[in-house]
Amino acid sequence: MNRALRAAVVLGAGLLAALLVAAILALPVPAVRLPALVAAHLPASGVTHPVTAVLLNFRGYDTLLEVAVLALALVGLLAQSPPRELTHAPSPGEPVLPLLARVLVPFLILSAGYLLWAGAHRPGGAFQAGAVLAAAAVVLHLARLWPAWDRPGRGLRLGLVGGLLLFLAVAAALLAGGTLLRYPPQLAGTLILLIEIGLTVSLGLLLAGLFLFLAEPRSL
Amino acid sequence: MTASQWLPLAVLASSLLPGLLIFALPEERIGLRTALNLFGAVAKLTLVGVLLVGVQAGNTYSVGYTVLPGVDLMFKADALALLFVSLSSVLWLLTTLYAIGYLEGSPHRSRFFGFFSLCVTATMGIAMAANLFTFFVFYELLTLSTYPLVVHRGSGAALRGGTIYLAYTLGGGALLLTGIVWLHSLVGQVEFTHRGVLSPLSPHYADQLRMIFLLLIAGVGVKAALVPLHGWLPNAMVAPAPVSALLHAVAVVKAGAFGIIRIVYEIYGVEFAQSLNLLLPLAVAASVTIIWGSLRALAQDDLKRRLAYSTVSQVSYITLGVALFGPVGTIGGLVHLVHQGIMKITLFFCAGNYAETLGTHKVSEMNGAGRRMPATTLAFSIAALGMIGAPLTAGAVSKAWLSDGAQALGLEWVGWVLLASSLLNAAYFLPILYRVWLKPAPARWPQEHSAAQGWRETTWLLLLPPLLTAAATLAAGIYADSEFSPLAWAQLIARREYLTPVP
Amino acid sequence: MMSLTFDLLLGVALLWSAWHTLATADLIRAVVSFIVFGLLMVLAWARLDAPDIALAEAAIGAGLTGALLLDSVGHLRARRRPGDNG
Amino acid sequence: MNDPVYDVAPWLVLLPLAWAGLAFVWGPGRGARLALAGTALQLLLTLRLAAELLSLGGRRHAVGGWGAPLGIDLAVDGLSMTMLLLTQAVAFAVFIYARAYFTDRSADGDGHGARNHFWPLAGFLLAAMNALYLSADLFNLYVTLELLGLAAVGLVAAGGNAAQVSAALRYLLVSLLASGAYLLGVALIYGSYGTVALSALPLMSADAPLAVALAAALMGVALLLKTALFPFHFWLPPAHGGAPAPVSALLSALVVKATFYLFLRLGLGLFAPLGETIAWLPGLLGSAAIFWGSWQALRAQRLKMLVAYSTVAQLGYLFLIFPLLAPDGLALQAGVMQALSHGLAKAAMFMTAGVFLQVSGRDAVADLAGVAGRLPVTLFAFGLAGVTLMGLPPSGGFLAKWLLIDAALAQGRWGWAAVVIAGGLLTALYVFRVVRQAFASTEARPPLAPVPRTLEWTAFALAAASVLLGLRGMEVLHLLDVGAAS
Amino acid sequence: MSSGLVYAVVGVLLFVLGAAGMLLLPHLLRKILAFNLLGSGAFLILVGLAQRDGGVDPVPHAMVLTGIVVAVAATALALALLRRLHALSGRTQLADESADE
């Protein structure tokens with residue numbers, strides 16, 4: 001890229017920053033206050049933690065699409081992973097001590113379970129739980145206790161998108177009743193928990209997959 | 001749907017449907033393809049006959065379909081439309097026969113006949129268009145469906161000719177479209193109406209209307225080969241003979257000339273066009289074209305190119321007639337639309353026969369061809385004499401009415417133009433006649449066709465069409481005063497346009 | 001105003017680590033800077049009373065993304081061909 | 001809150017997601033039949049929805065029953081309905097084509113990656129577009145944009161050769177930068193108004209806070225980047241020209257239309273008062289796109305590159321409508337007509353390019369000599385699609401051009417009319433460059449691989465549809481007239 | 001000045017830094033890093049602005065959670081493409097010009 005263009009980009013970035021800062025310092029008070037609305041409808045949402053209520057009920061549709069994004073990224077990534085080359089130099093970097101991993105992983109799995117359970121009424125939920133599960137897998141891999149993944153079999157594929165399919169199934173069942181993702185109030189908590197369990201497993205696998213399908217094959 | 005609605009559609013369908021079916025036919029289904037072609041042509045003729053009787057009795061035939069709000073695809077079979085429709089459908093039948101003989105054994109015939117039928121359909125659509133939108137739709141369709149015919153042979157020359165053809169016609173189409181939409185934005189949709197529709201507009205718009213006129217005439221002028229928009233026509237002569245005959249002597253150039261008639265008479269109206277001072281420039285442009293085309297024709301040795309320049313010149317007779325403000329000139333122009341078609345197609349058929357049988361493409365190679373191919377040469381001679389305006393031919397009738405029209409207006413120079421043109425016509429046709437009849441034949445023809453042995457100079461499929469059209473040339477001249485002659489029909493149209501007694 | 005001071009310091013630290021991520025010559029260091037940035041983001045989310053995001057940021061933003069990046073740098077390094085600059 | 005009539009709209013999102021997921025579980029290269037069945041069902045649902053829209057008016061669906069601003073609303077009006085129809089129809093045809101295209105013996109270097117992962121990726125792509133057309137929530141739209149972008153990138157890259165991967169990476173980075181800018185716009189809007197629901201947001205007047213103007217600018221630039229309007233078009237030709245033919249068809253016909261739709265939607269609605277002052281800018285860029293894209297198409301050596309640059313040029317027409325938007329609605333009608341007819345024609349064109357590629361193994365325009373005699377149906381399809389792109393009658397492209405010129409002349413804006421006319425002629429130059437080559441007679445008659453007739457005829461069907469659309473203009477405009485539900 | 005506003009301003013700077021980085025830095029891995037900075041900036045602005053008066057707003061929290069997952073998905077895909085490109089051609093940068101052929 002030539003010098004003039006670089007200068008223009010830097011200048012433009014500076015200008016944008018100045019404008020943005022000026023704009024946000026001069027911002028008026030918004031007309032709509034969603035926190036009040038969230039609080040007002042929280043009892044009908046099936047959970048007591050507001051973020052979970054927004055994530056899986058009020059704006060659950062966003063979450064549905066977001067899980068699709070994650071699944072999609074994995075499909076796209078699988079299309080890019082070439083057949084494994086076995087003649088490969090040892091991976092660089094220090095492996096995490098296996099002992100640490102053996103201690104850490106059970107703890108991580110436990111905390112994932114806790115996060116999943118806690119999500120209904122306090123910070124936590126499927127995303128965090130799934131992420132922690134994925135982290136556990138990554139740690140295991142780095143400790144050379146878990147191999148990188150090659151082509152997934154049908155079982156793993158089902159696990160990867162199972163959460164999405166479960167979510168879709170619930171959405172479809174509710175839509176058959178007239179409205180997309182409209183939980184009957186008495187069932188809301190149960191359905192959300194069901195979806196979250198599915199998501200935890202799938203998100204864990206998906207997030208782990210993002211790493212493990214790409215990772216260097218390491219000797220165990 | 002009443003008969004008055006489906007008849008115009010049936011006229012379109014009678015070539016469109018066979019055309020589409022032919023596309024789907026495998027190359028070797030010759031019999032079926034021929035049957036489809038002839039069936040379509042005969043059916044169309046029948047339908048046109050019904051229409052002719054009906055229109056003469058004063059019936060109206062129209063049908064429309066709304067495409068956009070305030071924009072209709074609309075067809076109307078009025079007297080003027082039928083003049084062009086009957087010409088095209090008669091000549092389509094003859095040219096189909098000719099083409100079947102001409103293309104025997106050559107490749108891609110399904111494609112050829114398919115596009116050929118589409119061209120005829122487009123011509124019918126142009127003739128029966130009831131408004132400028134519809135006219136434009138079929139005008140562009142004609143461009144598109146002619147292109148594959150021009151490049152049919154796929155040689156370098158054919159491809160080049162096709163590109164030049166497209167450059168001119170698509171450019172012209174763009175001008176035409178601009179003019180049409182401009183007019184549309186001024187006055188909304190206007191139907192072709194006798195005596196025009198624009199005269200009630202306030203004088204405030206006069207300048208815009210002049211600009212629009214220029215755009216419209218330039219747009220259709222490309223196909224009508226008005227100088228300086230004529231450059232595509234000689235180059236398009238690389239197409240096979242039937243294409244040159246029907247499309248470049250009849251369909252395409254006539255579509256342009258026909259458009260000029262519609263625009264002057266039924267959009268602007270002659271009186272209104274005259275009041276905007278538009279007719280005189282048009283007459284001048286036509287005159288320049290007449291002279292220029294003839295002069296260029298003189299210089300050509302290639303027979304088809306000479307004929308092409310002759311077409312440039314002759315088609316502008318129609319424009320000239322239109323531009324001569326007054327019923328007499330109008331009749332001259334209208335009748336020439338038919339007469340020129342008959343005569344010029346004869347010449348192209350004959351040129352094709354010479355090339356096919358003897359391999360002669362140049363005037364200088366044609367010495368003595370008359371003795372080798374007397375029937376073809378007879379037809380050629382009649383048509384050439386007609387072009388010059390010799391007595392008893394169709395050409396004489398057109399020229400007489402045109403010069404009378406000019407005289408009625410007191411435009412003396414038009415008379416001189418016509419005279420000069422006739423002299424030039426003679427100058428480039430008579431030497432050919434001299435060569436073919438009176439000069440000795442060469443020992444060897446450039447590329448004699450072995451199949452044409454014995455007394456027959458070529459197959460009857462190639463011979464019959466030019467003989468028939470040559471006969472028609474004579475008939476239209478001799479029986480000009482009869483009830484069903486082109487002249488009578490032109491008078492009928494002029495009566496309806498001017499609403500005045502017509503001589 | 002203890003908290004405001006902390007916020008400002010954290011902001012500066014965020015920007016510094018971000019700048020370092022982009023400006024440092026070595027790719028491994030850049031990725032490490034990015035992981036530091038991610039951990040600082042966890043603090044920022046905590047300061048914004050967003051524990052859910054802080055958890056997710058720790059696990060995903062810093063953890064998983066960092067691991068992915070590190071692994072990729074290693075991969076690119078291992079296969080680097082002559083004349084290819086990081 | 002909901003109509004008494006059962007609302008089928010959300011199925012248009014759930015169905016493709018479901019068959020995409022199932023196709024993935026089924027395994028690499030499988031799921032074609034599932035996808036076809038799903039898309040056929042979607043097409044039927046779309047038709048039903050369109051019929052309901054015509055009789056009952058616009059639709060609104062409160063997801064979760066909450067309603068904006070707390071929940072997310074889906075909304076359908078005439079504009080989104082036309083785009084939904086286009087999407088399902090083109091996708092259905094392309095999928096039939098793709099099923100025949102991705103065979104084991106495809107020897108065009110597209111590799112197996114494309115074949116193995118096409119169906120799930122295509123499903124996600126379709127879901128993303130449907131979700132985008134239905135959404136009435138700025139943040140939800142952000143998620144659909146990401147879904148759309150990643151799916152498109154995945155499809156481009158799936159072939160797996162270096163050129164494709166490189167093009168995909170460029171596409172991905174552009175897409176991510178644009179999404180980031182869009183998200184910042186959403187953040188500013190949320191900060192200013194406390195909601196991201198389109199129905200709860202006020203129209204932004206000229207005295208709106210600076211943050212809102214910045215949001216409009218950021219979101220506008222983001223969407224222009226994703227729509228590849230000149231000068232943001234640089235990523236498009238390698239991506240569209242390099243991907244396997246069915247993918248190119250989907251991307252060029254549909255994906256760029258989705259972001260254009262969003263640009264139009266926001267420009268007509270939320271940002272309309274702000275947008276009026278700079279409406280000349282997209283018009284100007286559109287004109288530049290027409291000329292630049294056509295010029296590059298004229299120069300391109302490879303057929304697919306030519307078609308891809310043609311997309312750059314044709315997208316320009318879509319943006320010509322902005323300076324001409326007026327209460328008479330002509331320009332909007334022109335834009336929608338152009339989007340529809342270009343969608344059909346461009347898909348057909350890429351599909352014909354795919355046929356040429358499969359048959360001869362080559363993709364250079366120069367290699368097309370003599371194709372007219374050997375692949376008449378495909379050439380005919382190319383020609384028909386070209387007719388639409390040139391804007392010649394009776395095609396849908398012609399109606400679009402007519403409406404656009406009419407809109408320009410009605411306002412006395414000669415310059416824009418001249419651009420439209422000139423653009424049509426430029427298009428003719430590059431379309432006939434191909435047709436001419438195809439008609440050329442040639443001595444060399446290299447062996448042609450047999451080609452499944454499905455490939456030829458699906459391309460033909462789409463091309464013919466793009467031409468016949470010109471006869472159904474009234475229906476399209478009726479549908480377009482259906483306003484949004486309050 | 002509330003914490004919300006502080007972090008929003010920091011977010012602006014991060015966003016701009018990331019955007020400039022995506023445009024200016026040639027190495028693809030840097031572009032990917034820059035994208036993540038840009039995203040974090042946008043998230044901070046979203047939450048910071050919504051909470052500029054000190055209250056807690058769960059709606060942007062949920063949005064940012066969504067955004068973080070989307071960002072990691074995009075990052076992983078980008079890295080996969082980068083590694084593939086590197087494996088195929090040895091390149092870690094995009095060619096400067098989108099050449100015709």
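**Contacts in chains D and E, plus a hairpin in chain B**

In this predicted model, 33 residues of chain E are in contact with 31 residues of chain D. Chain D itself is split by the domain assignment into domain 1 (1-276) and domain 2 (279-486). Over in chain B, there's an antiparallel strand pair to look at too.

**Where chain E meets chain D**
- On the chain E side, the elements giving two or more residues are helix 1 (3-24), helix 2 (28-50) and helix 3 (58-89) of chain E.
- Helix 3 of chain E chips in the largest share, with 15 residues.
- Sorted by class, the side of chain E that touches chain D comes out at 24 nonpolar, five polar and four charged residues.

**Inside chain D: domain 1 against domain 2**
- The C-alpha centres of domain 1 and domain 2 of chain D sit 21 Å apart.
- Their contact draws on 47 residues from domain 1 of chain D and 49 residues from domain 2 of chain D.
- On the domain 1 side, helix 2 (32-56), strand 1 (59-62), helix 3 (78-101), helix 8 (236-242) and helix 9 (245-268) of chain D each put in at least two residues.
- That side of domain 1 of chain D breaks down into 28 nonpolar, 13 polar and six charged residues.

**The chain B hairpin**
- Strand 1 (residues 62-68) and strand 2 (residues 71-76) of chain B run antiparallel and are joined by six bridges.
- One of the pairings matches B:Tyr65 with B:Leu73 in strand 2 of chain B.
- Two residues lie between the strands of this hairpin, and B:Gly70 takes a positive phi near 75°.

How values were computed
Residues are numbered from 1 along each chain as its sequence is written. Chains are lettered from A and ligands numbered from 1 in the order in which they are written. This is a predicted model: local features need pLDDT of at least 70, side-chain atom pairs count only at pLDDT 80 or more; totals for chains, interfaces and linings use all residues. Domain bounds come from an automatic or database domain assignment. Two residues are in contact if their C-beta atoms, placed from the backbone, lie within 7 Å. Helices (H or I, at least four residues) and strands (E, at least two) are DSSP runs, numbered from the N terminus. Ala, Val, Leu, Ile, Met, Phe, Trp, Tyr, Cys and Pro count as nonpolar, Asp, Glu, Lys and Arg as charged, and the others, Gly among them, as polar. Two strands pair if DSSP finds at least two bridges between them.
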